[in-house]
Every structure is written in structure tokens, then in C-alpha cells.
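Let's take a walk through this protein, from one helix out to the core and then the pockets. Have the model open and follow along.

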Amino acid sequence: MKPETNQPETENRKPSFDDIYMDLARNLARRSHCVRAQVGSVLTKDTRIVSLGYNGPPAGTHNCDIEWAGVGCPKDSKGSCSLALHAEQNAILYASKNNVSIEGATLYVTLSPCISCARVIYTMGIKKVLYLDSYAEFKGLSIDEGVEFLRKFGVEVVRYFIKEK
């Protein structure tokens, strides 16, 4: 038995929900118009998808890869994209806009949450976060502040590793 899934190891085993949702998050990242990073997220509850998101400017505003091809949108005072919503923000906002409760939900995201997103994730009652790549590594920071914040306040955070086929 595989301890993390409680499923027998067989050559023809079905993909786990974690595998399916992280694959979807990775594909959603490809929809991003950001030229600096492409991040996707999936919010689930009771093994059902409740919302999706990817990073980029608010819908109906800009497409950075078209408007500022090659260089991206202007940066804010902290050196981040001035127009972008993060993938997890988009997923949470879409759920909220459509009156979908995400308390107790699980978030799959291709880049670990920054500290700002972590505060929103905690506040919204999301119970578990699975991430693929490290925000700290991407930004050259010493620690993943968002991950540390979430763990400190009881949110389960797990780094997801792609399984070899």
C-alpha cells in the first residue's frame, strides 16, 4: 500500500485526485497571460472542483503578453507585477463571486502561496494546500513565508512531487 493514498500499488492504478487536480492546475497555468510566471490553481471540496484560477490581470483589462510582449506589465514598488492577481486569488474570488463556500476546501497550486495569498487562504478557511514549486526558490528568498504562515496557523501544507510514469 502507498501510505499517502492508502491505495494498492499496481501498474494500472487509477490516478489519485491529487494527481488529477495538480495536472489540471499545471494546464491552467498555460492560460496565463503573464510573461514572468505562469501559475494555475484548483480549489476542491469533497473531491469535487469548486473553482479554478490562473495568474494575470483582472478579466477584461489587459493581456500582458500582448500589451507588453517580452517585458511584462509595469512593476509595483516591491518589484512584483502591478496588474496581476495570483492564481489562488482568482480561484478564491471566483468562488466568492458565485457564492460558493470554500471553507474546508483543498487548494492545488503550481507555485506555493506568497504571504499575502497565505493570509487570504487562512482567512477563507481553506484546510489544505498542495503546491508544486516553491515561491521562495522562484523569488530567491530564504524561506517560503506563505507556507510557514499557513503551517503555523494549522493549515496542512504539502509539497507535491510529480510521479514518474
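Right after helix 6 comes G154, a residue with a positive phi, near 90°. Keep in mind as you look around that this is a predicted model.

Now step back into helix 6 itself. Its buried residues are G146, V147 and L150. Look down the helix axis and these buried residues fall within an arc of 100°, so they line one face of helix 6. There's a simple rule behind that kind of pattern: an α-helix has 3.6 residues a turn, so residues three or four places apart point the same way. And what do the buried residues of helix 6 pack against? Their partners are helix 4, strand 4 and strand 5 (156–159).

That brings us to the inside of the protein. The largest nonpolar core is made of 24 residues, and L43, I126 and V129 have the most contacts inside it. Two or more residues apiece come from helix 3, strand 3 (106–111), helix 4, strand 4 (128–133) and helix 6. Of these, helix 3 gives the most, with four residues. For a good look at how things come together, click on V129: leaving aside residues up to four places away in sequence, V129 touches L107, V109, P113, I121, L150, V155, E156, V157 and V158. Notice L150 on that list, one of the buried residues of helix 6 we just met. There's also a second, separate core of nine residues, with Y21, A25, L28 and L130 among them.

On to the empty space. The largest pocket holds about 680 Å³. It is lined by 27 residues, and S80, H86, C114, Y135 and K139 are the closest to its centre. Helix 3 (87–97), helix 4 (115–123), helix 5 (135–139) and helix 6 (145–152) each give two or more residues to this lining. Which element supplies the largest share of the lining of the largest pocket? That's helix 5, with three residues. Sorted by class, the lining of the largest pocket is a mix of twelve nonpolar, eight polar and seven charged residues.

The second largest pocket comes in at about 500 Å³. Here 20 residues form the lining, and the ones closest to the centre are Y54, P57, P58, A59 and N90. Strand 2 (48–54) and helix 3 supply at least two lining residues each. The lining of this second largest pocket breaks down into nine nonpolar, ten polar and one charged residues.

Terms used. Residues are numbered from 1 along each chain as its sequence is written. This is a predicted model: local features need pLDDT of at least 70, side-chain atom pairs count only at pLDDT 80 or more; totals for chains, interfaces and linings use all residues. Side-chain values use heavy atoms; hydrogens and water are left out. On a 1 Å grid over the protein atoms alone, a cavity is a set of points where a 1.4 Å probe fits but cannot get out, and a pocket is an open set with protein on both sides within 12 Å along at least five of seven lines; lining residues have an atom within 4 Å of a point. Grid points are joined across faces, edges and corners, and a volume is the space filled by probe spheres set on the points. Ala, Val, Leu, Ile, Met, Phe, Trp, Tyr, Cys and Pro count as nonpolar, Asp, Glu, Lys and Arg as charged, and the others, Gly among them, as polar. A nonpolar core is a set of buried Ala, Val, Leu, Ile, Met, Phe, Trp, Tyr and Cys residues joined through side-chain atoms within 4.5 Å. Buried means under 20% relative accessible area, exposed over 50%, partly exposed in between (1.4 Å probe, protein chains only). Contact means heavy atoms within 4.5 Å. The arc is that of the directions from the helix axis to the C-beta atoms.
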